[in-house]
Amino acid sequence: MKISIIVPCYNTKLYIEQCLNSLINQTLKEIEIICIDGSSDDGSFEVLREYETKDSRINVYSKQNEGVSLSRNFGMDRAQGKYLMFVDADDWIDKNTCEIAYEKAEKEQADLVMWSYIREFKENSLPKNIFEKEEITFEDDQIRGLHRRFFGLVGNELAQVESADALCPVWGKLYRRDIIEDNGIVFTDIRKIGTYEDGLFNLEVFEHLHKVVYMQKYFYHYRKYNENSITSQYKEKLFDQWNHMYDLMFKYIKDKHLDKSYVTAVNNRICLGILGQGLNLMECDKKHKNREIKKILSTKRYREAYQQFELKYFPIHWKIFYWFAKHNMACGVYTMLICIQKMIGR
C-alpha cells in the first residue's frame, strides 16, 4: 500500500460525497481510505457505508465523537500505507494529488512533501501559497527554521501575520508513516487545547525530518463556508485551552533545550492570539465583551508577553490593533474587532 488517506468525519453529509469522489478517482490506485465517523446524526455515516460497499479501498469506522484529534489517531493506528495523508471530510483534492506527491517523495527520498491550497468560498476561490517559489527543498538546518515556525513568528516574519499558520495544517502534506510511528507522535486531544492540533502534531514531526520538498501546486481545496465547522463556533473554554497549549509549547522548549528564539516565538504567538481570542468572544452573547477582552489582556502571561512584543514589523492596520493590545487598551481592541468581523463577514 502506497498511501493511507485518513478522513475524520462528523456531520458533513452535504460535502462528504465530493470529498470521497475526489479520493476514489485518484490516478494513483494503490491507496486506502480510512474514514472515521464520530457518531454523526445527519446521515453522513450512511453515505460513508454506501461508498464502502462500492470501493474496497474504503474502510469505515464509527466511534464516539471525541474530536478530530482522536479520530485521526484512531485512523493512524489502522493505516498500512508507506505514506500518510490527511483530508477533512468537507474538503477535496485534485485527482492527481496522490500520484504526483508520491512520485516526488520517492524520487527525492523526502520525509515529507507539501503543497499549496485553494480557499473555497461560496462566491469565489482564492489560492494560498505557503512559499513564493515554485519548488523548494529543505534539509536539516533549513528544516529547523520550519520547525521553529510552528511555535510562532519572530522578527520580520511578523510583517506577514496573516500567513502566520499557513504552514500549520496537516492536510496538504504527505508524511512518511514510519517516522510518525517510530517516534510515537500523535495528535493532542483538541478538547484540551481548543485549536492548533495540527500545529502541535507538525511541531513534533518536523523535529525528526531530514528532507522536505515543497511544491507550489494547488492540490488541496479548503472549504471556507461550512457553518458546522468547529472553526466557526464559539468556544467557551478557549482562553484556558490556549493557556494549556502554551504550557505544552514551553515544556517542549525546556525539555528539548531549544534556544531563546523559540521562547520569543511562543510569546509572540500569545500576543497575536488576542485576535483569535477576540473574534471568538465576538461570537458569544456576552454583553460586555470589551470587559472580557480586558480580563485577557490583564493576565500575567499576556502582560509579560507584550513587554517584549515588537510592533515595528507590522503593516499599519495591524500595528494599530496590536498597539492597543500592547498597552492594555481593551476598548480600542474591541472597536477594531468589530471592524474586522464586518470585513470578514462573520
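**Salt bridges, burial and helix packing**

Q: What makes the pairing of Glu 304 with Lys 300 a salt bridge?
A: In this predicted model, the closest N and O atoms of Glu 304 and Lys 300 are 4.0 Å apart. A salt bridge needs a side-chain nitrogen of Lys or Arg within 4 Å of a carboxyl oxygen of Asp or Glu. The pair therefore counts as a salt bridge.

Q: Where do Glu 304 and Lys 300 lie?
A: Both are in helix α12, 4 residues apart, which is about one turn of the helix.

Q: Why is Lys 300 called exposed or buried?
A: Exposed requires over 50% relative accessible area. Lys 300 has 62% relative accessibility, so Lys 300 counts as exposed. Its partner Glu 304, at 43%, counts as partly exposed, because that value falls between 20% and 50%.

Q: How do you know that Glu 52 forms a salt bridge with Arg 49?
A: The closest N and O atoms of this pair are 2.6 Å apart, and the cut-off is 4 Å. Glu 52 and Arg 49 sit 3 residues apart in helix α2 (residues 44-54), so about one helical turn separates them. Arg 49 has 36% relative accessibility and counts as partly exposed.

Q: Which parts of the chain does the salt bridge of Arg 301 and Asp 247 link?
A: The side chains of Arg 301 and Asp 247 meet at 2.8 Å, N to O. This pair links distant parts of the chain: Arg 301 is in helix α12 (residues 300-307) and Asp 247 in helix α9 (residues 238-255), 54 residues apart. Arg 301, at 24% relative accessibility, counts as partly exposed. Asp 247 is also partly exposed, at 40%.

Q: How many salt bridges are there by this rule?
A: The count comes to 23 salt bridges. A network of salt bridges links Arg 72, Asp 88 and Asp 198.

Q: Why is Asp 111 called buried or exposed?
A: Asp 111 has 6% relative accessibility. Buried means under 20%, so Asp 111 counts as buried. Asp 111 is found in the loop between α4 (97-108) and β6 (112-120).

Q: What lies 2.6 Å from a polar atom of the side chain of Asp 111?
A: The backbone nitrogen of His 210 does. Leaving aside neighbours within four places in sequence, Asp 111 is in contact with residues including Leu 174, Tyr 175, Arg 176 and His 210.

Q: What makes Val 113 buried or exposed?
A: With 0% relative accessibility, against a cut-off of under 20%, Val 113 counts as buried. Val 113 lies in strand β6. Not counting residues up to four places away in sequence, Val 113 touches Ala 101, Lys 104, Ala 105, Gly 172, Lys 173, Leu 174, Val 213 and Met 215.

Q: Why are α12 and α13 called oblique rather than roughly perpendicular?
A: The axes of α12 and helix α13 (residues 316-326) cross at roughly 125° and come within 10 Å. Roughly perpendicular covers 65 to 115 degrees and roughly antiparallel starts over 145. The crossing angle falls in neither range, so the two helices are oblique to each other.

Q: Which residues meet in the contact of α12 with α13?
A: Arg 303, Tyr 306 and Gln 307 in α12 meet Tyr 322, Ala 325 and Lys 326 in α13. The residues of this contact divide into 3 nonpolar, 1 polar and 2 charged.

Technical notes:
Residues are numbered from 1 along each chain as its sequence is written. This is a predicted model: local features need pLDDT of at least 70, side-chain atom pairs count only at pLDDT 80 or more; totals for chains, interfaces and linings use all residues. Side-chain values use heavy atoms; hydrogens and water are left out. Buried means under 20% relative accessible area, exposed over 50%, partly exposed in between (1.4 Å probe, protein chains only). A polar contact is a pair of N or O atoms within 3.5 Å; within protein, one must be able to donate a hydrogen and the other to accept it, and residues adjacent in sequence count only if both atoms are side-chain atoms. Contact means heavy atoms within 4.5 Å. Axes are lines fitted to C-alpha atoms, for helices over the stretch in contact, and angles run from 0 to 180 degrees between N-to-C directions. Angles under 35 degrees count as roughly parallel, over 145 as roughly antiparallel, 65 to 115 as roughly perpendicular and the rest as oblique. Ala, Val, Leu, Ile, Met, Phe, Trp, Tyr, Cys and Pro count as nonpolar, Asp, Glu, Lys and Arg as charged, and the others, Gly among them, as polar.
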